[in-house]
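Please load the structure in a viewer and keep the sequence panel visible. The stops below name what to select at each stage and describe what is found there.

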Amino acid sequence: SLQVVFSSPHISCLHRRAKLKVRAAMDLPSTVQEVPTPCLLVDLDRVKKNCTAMRERCENLGLQLRCHMKTHKTLELGEIMTNGSKRCITVSTIKEAQFFADGGYDDILYAYPLTANKIPILQGFVNKLESFHVTVDSDYNLDILRDSTLNDGKKWSVFVMVDTGYGRDGVKWDDKAAVDFILRVNESPNIVFQGLYTHEGIAYNARGRDQLRTIGGTVVDNIASLAQRLKEAGIECCNVGIGSTPSASHPPSNTNLLTELHPGNYVFYDSMQAMIGSCTKDDIACRVATRVVNHLSHSNSLLIDCGWEGLSLDGKDELPTGFCMFQNNPNLKLVKMTQEIGTVQAVEGTLDFSKYPLGSMLYMYPYHACATASMHPVYYIHEGDNIIDTYSPCRGWY
């Protein structure tokens, strides 16, 4: 059977020492202009600013911030998001749960549909960690937890996923069957019902702060309505949480009906978030660095050394500048990508090739930071123009 293997403090210390030795021996580029391309650049000052703003926003609203780790998947950025506590995080893969648990994190919510094959490894997390939570939204999920035993009288800590309008997963917020289902969850002897959780993906349809707050307000009303119906049925919801970076960046006025927010993308933001209105371009903390490798005068195009292996294909036809926004080059449009090559043309008029010599650098703000970051095995961390470190994200799913 599958087992969770947790590093001992001694082994973790050895790993840290080994990492420090590797860093000391690394020939890091000195500046962002010297990095190998394509690569992902992370602006540490912007990351810290974004994380501080989100943390203070939640504190001012009286809400718990449960940071989602899926955008960056690194221990270092997780510490910044949690303000050093290394607690109260959300993950969406088993690999992320393992990675952060081994890195000393606790109070981890695995927010992903359960299947029976994952139960043995999830049991390991519950048995070893102080707090590990899972989500359910069907009798299949519930039955496999009911049939699974834990050590020392421990119980499964369970959030119920709620569909508040996005239509992806979760019990429908306005369905009578939702209350009946949660009653069965609450009555299960080896389960502790923690509360309600929803991914507010519908917020990505918004354009501008007013729409974000309107959509967010509707989602809050919907999930709070279910919580009220549960209260009338004799069940108190200790936690009622919504999450997506757009709604958490510009919360509605009725967040007093909630207990927590669980956004993740805000650590980096991206071109999509800027388009929605969650942030400005100056808040985007990650860029893909690329170099010009060819001039094609016959098609008035540049070729760059970044294709879809270094920049997500998300965003096609969404931006006037193609698959990304080019920093300080608003008239450049990434029109096409193959595996290793990107084709760049002018948004309007013709390109002046003299402005983009062969070997010169361009910097792209990705449309979707989560998808783009997942393509890079290492992030180059910088303060100003100076490269100060590299971070390695976890990889894999199970």
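Begin by selecting helix α4, residues 94-102, together with helix α5, residues 119-128. In this predicted model, the two helices pack with their axes 11 Å apart and at an angle of about 25 degrees. Angles under 35 degrees count as roughly parallel, and α4 and α5 are therefore roughly parallel to each other. The crossing of α4 past α5 is left-handed. To display the contact itself, show I94, A97, Q98 and A101 on the α4 side, and I121, L122 and F125 on the α5 side. By class, this contact of α4 with α5 comprises six nonpolar residues, one polar residue and no charged residues.

Next, select helix α6, residues 139-146, and add α7. Their axes lie 11 Å apart, and the packing angle is about 5 degrees. That angle makes α6 roughly parallel to α7. On α6, the contact is formed by D139, L142 and R146; on α7, by F181, R184 and V185. Colouring the contact of α6 with α7 by class gives three nonpolar and three charged residues, with no polar ones.

Keep α7, residues 176-187, on screen and bring in helix α8, residues 209-232. What is the angle at which α7 and α8 pack? The angle is about 55 degrees, with the axes 10 Å apart. That makes α7 oblique to α8. The crossing of α7 past α8 is right-handed. From α7, select K176, A178, V179 and I182; from α8, select L226, R229 and L230, which they meet. The residues of this contact of α7 with α8 fall into five nonpolar and two charged, with no polar residue.

Following α8 onward, select A233, which is placed in the loop between α8 and β10 (239-243). Is A233 buried or partly exposed? A233 is partly exposed, because its relative accessible area is 38% and the partly exposed class runs between 20% and 50%. Leaving out residues up to four places away in sequence, A233 touches V179 and L183. A distance monitor from the C-alpha atom of A233 to that of T245 reads 32 Å, for two residues twelve places apart along the chain.

The next stop is strand β9, residues 191-199, where I191 is located. I191 counts as buried, since its relative accessibility is 6%. Apart from neighbours within four places in sequence, I191 is in contact with L142, L145, K155, W156, V158 and V185. The C-alpha atoms of I191 and V158 are 6.8 Å apart in space, although 33 residues separate the two in sequence.

Now turn to the nonpolar cores. In soluble globular proteins, nonpolar side chains tend to be buried together. The largest nonpolar core here has 103 residues, and L122, F132, W156, L196, F268 and L334 touch the most other members. Helix α8 gives the most to this core, with seven residues. Centre the view on L196 and show the residues that L196 touches, including F159, V160, V162, I182, I223, L226, A227 and L230, with residues up to four places away in sequence not counted. C237, N239, V240 and G241 are also on the list of residues touched by L196. Another core lies apart from the largest one; it has nine residues, among them V32, V35, Y380 and I387.

Move then to strand β16, residues 342-346, and select T343. T343 is buried, because its relative accessible area of 12% falls under the 20% limit. Beyond residues up to four places away in sequence, T343 touches S301, L302, L303, K333, L334, V335 and K336.

The final stops concern backbone geometry. Select T37 and P38: they are joined by a cis peptide bond, with omega about -5 degrees. P38 lies in the loop between α1 (9-25) and β1 (39-43). K86, in the loop between α3 (75-81) and β4 (87-91), is a residue other than glycine with a positive phi, near 55 degrees. Last, select N300, in the loop between β12 (286-296) and β13 (301-304). N300 is not a glycine, yet its phi is positive, at about 50 degrees.

Note on methods:
Residues numbered from 1 in each chain as written. Predicted model: local features only at pLDDT ≥ 70, side-chain atom pairs only at ≥ 80, totals over all residues. Heavy atoms only, no water. Axes fitted to C-alpha atoms, helices over the stretch in contact; angles between N-to-C directions. Helix = DSSP H or I, 4+ residues; strand = E, 2+ residues; numbered from the N terminus. Parallel < 35°, antiparallel > 145°, perpendicular 65-115°, else oblique. Left-handed = near helix turned anticlockwise from the far one by under 90°. Contact = heavy atoms within 4.5 Å. Nonpolar A, V, L, I, M, F, W, Y, C, P; charged D, E, K, R; others polar. Core = buried A, V, L, I, M, F, W, Y, C linked by side-chain atoms within 4.5 Å. Buried < 20%, exposed > 50% of the residue type's maximum accessible area, 1.4 Å probe, protein only.
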